[in-house]
Amino acid sequence: MSDPYKFPQLRWPLDLNIQQFEGRDILVIRDPQGISPAPLALVAEVSPLVASLEGRASVEEIAQKFSPIGCTQALIEELVKLLDNSLYLKTPKFYAAERD
């Protein structure tokens, strides 16, 4: 099994929607199963990065792919950490919460 932090993967089912908030597009991620305690709101510009979290590309590969638009490995790592803390990735933290 691959390292879930090196090859991050969103878990499913999740609801991902673009909504307006104070005149800005926001990506809102919700858990219809209720395992994650709250929705997560991100700037819509990270949508392509979030969509890349399929478990096939490494953090380094994702950063390289999006480097022309200013994406860095540190940014991807921070996004992965945020999604993991919110229980939206297939990681040991999510599986532990799912069992509880």
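This section describes the overall fold of the protein and then turns to individual residues and local backbone features.

The structure is a predicted model. Its secondary structure comprises four helices and three strands, and these elements follow one another along the sequence in the pattern β-β-β-α-α-α-α. The radius of gyration is 13 Å, close to the 13 Å that the globule rule gives for 100 residues, so the protein is as compact as a globular protein of that length. Measured out along its principal axes, the C-alpha trace spans about 40 × 40 × 15 Å.

Of the 100 residues, 37% count as buried, and the protein exposes about 6,100 Å², of which carbon and sulfur atoms supply 54%. Among contacts with a separation of 6 or more, 51% are made by residues 24 or more positions apart. The protein carries 10 positive and 14 negative charges, and the mean positions of the two sets are 3 Å apart.

Within the strand region, β2 (residues 24-30) pairs with β3 in the antiparallel sense, and the pairing extends over four bridges. Strand β3 itself, formed by residues 40-43, shows an alternation of side chains: Leu40 and Leu42 point to one face and are buried, whereas Ala41 and Val43 point to the other face and are not buried. Leu42, one of the buried residues of this strand, stands opposite Leu27.

The segment before β1 (15-21) contains Leu14 and also Pro13. The peptide bond that joins Trp12 and Pro13 is cis, with omega at about 5 degrees. Leu14 has a relative accessible area of 8%, and because the cut-off for burial is under 20%, Leu14 counts as buried. When residues up to four places away in sequence are not counted, Leu14 touches Ile29, Arg30, Asp31, Pro32 and Tyr88. Two of these partners, Ile29 and Arg30, fall within the residue range 24-30 of strand β2. Leu14 and Gln33 are 19 residues apart in sequence, and their C-alpha atoms are 8.3 Å apart in space.

In the helical part of the chain, Ser52 is found in the loop between α1 (47-51) and α2 (59-65). The relative accessibility of Ser52 is 13%, which lies under the 20% cut-off, and Ser52 therefore counts as buried. With neighbours within four places in sequence left aside, Ser52 is in contact with Ile62, Lys65 and Phe66; of these, Ile62 and Lys65 belong to the range 59-65 of helix α2.

Positive phi values in residues other than glycine occur at Glu22, where phi is near 50 degrees, and at Leu87, where phi is near 70 degrees. Glu22 lies in the loop between β1 and β2, while Leu87 lies in the loop between α3 (73-85) and α4 (92-99). The two residues also carry contrasting accessibility labels: Glu22, at 70% relative accessibility, counts as exposed, whereas Leu87, with a relative accessible area of 10%, is buried.

Conventions:
Residues are numbered from 1 along each chain as its sequence is written. This is a predicted model: local features need pLDDT of at least 70, side-chain atom pairs count only at pLDDT 80 or more; totals for chains, interfaces and linings use all residues. Side-chain values use heavy atoms; hydrogens and water are left out. Helices (H or I, at least four residues) and strands (E, at least two) are DSSP runs, numbered from the N terminus. The radius of gyration is taken over C-alpha atoms; the globule rule is 2.2 Å times the number of residues to the power 0.38. Buried means under 20% relative accessible area, exposed over 50%, partly exposed in between (1.4 Å probe, protein chains only). Contact means heavy atoms within 4.5 Å. Accessible areas come from the Shrake-Rupley method with a 1.4 Å probe; for residues, only the protein chains shown count as cover. Lys and Arg count as positive and Asp and Glu as negative; His and the chain ends are not counted. The place of a charge is taken as NZ of Lys, CZ of Arg, CG of Asp or CD of Glu. Two strands pair if DSSP finds at least two bridges between them.
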